[in-house]
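Trainee: Could you take one part of this model and look at it closely, and then connect that part to the rest of the chain? I would like a single connected account that I can follow with the structure open.

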Amino acid sequence: TIISGYDYYMPVFKPAAAGFLSALAVANLSTAGSAAATVTVYNQSGTAQWTDDWTIPARGQKSDVIGSGVTSNGWVKVSSNLPMAGLNFLFENTWTASGHYLADVPFTQVLLDYMVIPHVAQWDNCDTTVYIANPGSSAATVTLTYTNKTGTASAPHVITIPAMGSAEVSV
């Protein structure tokens, strides 16, 4: 387990039990040596559900399905001793289903307390879902407000996310 260094966050994890797979792809950005990384999947309540230690060679890459045996949605934290880049790629593991799903969610090291999402899609074949993770040590109150094309705002939707927890909000 990494004690200090670089922490990266991805606000969504989907388990195989829900019909999806979450896979992680990372690249070691350093030429100084191998990166030691710990990958942890948390559930939405903030409990660590799965952990794995990875070694990535200098300027090397690694990818693999994560969260084996995890049965609930959540989020992912990657801790490393060296700078990295990466993403969580989510996909349906039942390719015979209609409406195939694939999403790449890059990880970030920057935590935000304000964000604007400039595009919200909502029609028969498309839905927008916002994934939010709280990697902090105390609960966070989050306010989501939809603003339409003319600038008219809807009533705010307020949720509380537990410490180390996450939420999934259908817009």
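**A loop and its surroundings**

Mentor: Leu-112 is found in the loop that runs between strand S8 (102–106) and strand S9 (129–133). Please keep in mind that this is a predicted model, and that the values below are computed from it. Leu-112 has a relative accessibility of 57%, and because the cut-off for exposed is over 50%, Leu-112 counts as exposed. Leu-112 also belongs to a nonpolar patch on the surface, which it forms with Val-110, Met-115 and Ile-117. Taken together, the four residues of this patch have about 420 Å² of accessible area.

Two other loop residues are worth setting beside Leu-112, this time for their backbone. Arg-59 lies in the loop between strand S4 (48–56) and S5, and has a positive phi of about 60° although it is not a glycine. Met-164, in the loop between strand S11 (157–161) and strand S12 (166–170), likewise has a positive phi of about 60° without being a glycine. Their surroundings can be read from the accessibility: Arg-59, at 56% relative accessibility, counts as exposed, whereas Met-164 has a relative accessible area of 18% and is therefore buried, since buried means under 20%.

From the loops we can move to the strands, beginning with S2 (residues 20–28). This strand is mostly covered, as 7 of its 9 residues are buried. S2 pairs with strand S7 (residues 84–92) in the antiparallel sense, over 9 bridges, and if you want a place to find this pairing on the screen, Leu-21 has Phe-91 of S7 as its bridge partner. S2 is also joined to strand S5 (residues 61–65), again antiparallel, by 5 bridges. Here a convenient landmark is Val-26, whose bridge partner in S5 is Lys-62. S5 brings us back to Arg-59, since the loop that holds this residue leads from S4 to S5.

S4, on the other side of that loop, belongs to an open sheet of 4 strands in the order S1-S6-S3-S4, with antiparallel pairing. The edge strands of this sheet are strand S1 (6–13) and S4, each of which pairs on one side only. From one strand to the next, the twist averages 15°. At the S1 end of the order, S1 and strand S6 (residues 74–80) run antiparallel and are joined by 6 bridges, and Phe-13 has Gly-74 in S6 as its bridge partner. As a general reminder, strands of a sheet pair through backbone hydrogen bonds, either parallel or antiparallel.

Stepping back to the chain as a whole, there are 12 strands and 0 helices, and the pattern read along the sequence is accordingly β-β-β-β-β-β-β-β-β-β-β-β. Of the 171 residues, 38% count as buried. The C-alpha atoms fill a box of roughly 50 × 40 × 30 Å, taken along the principal axes. The radius of gyration of the chain is 17 Å, which agrees with the value near 16 Å that a compact globule of 171 residues would have. Against that background, Leu-112 is an exposed residue in the loop between S8 and S9, and a member of a nonpolar surface patch.

Methods: Residues are numbered from 1 along each chain as its sequence is written. This is a predicted model: local features need pLDDT of at least 70, side-chain atom pairs count only at pLDDT 80 or more; totals for chains, interfaces and linings use all residues. Side-chain values use heavy atoms; hydrogens and water are left out. Buried means under 20% relative accessible area, exposed over 50%, partly exposed in between (1.4 Å probe, protein chains only). Helices (H or I, at least four residues) and strands (E, at least two) are DSSP runs, numbered from the N terminus. Two strands pair if DSSP finds at least two bridges between them. Axes are lines fitted to C-alpha atoms, for helices over the stretch in contact, and angles run from 0 to 180 degrees between N-to-C directions. Patches are made of residues with over 30% relative accessible area and no salt bridge: like charges are joined within 9 Å, nonpolar side chains (Val, Leu, Ile, Met, Phe, Trp, Tyr) within 5 Å. Accessible areas come from the Shrake-Rupley method with a 1.4 Å probe; for residues, only the protein chains shown count as cover. A salt bridge is a side-chain nitrogen of Lys or Arg within 4 Å of a carboxyl oxygen of Asp or Glu. The radius of gyration is taken over C-alpha atoms; the globule rule is 2.2 Å times the number of residues to the power 0.38.
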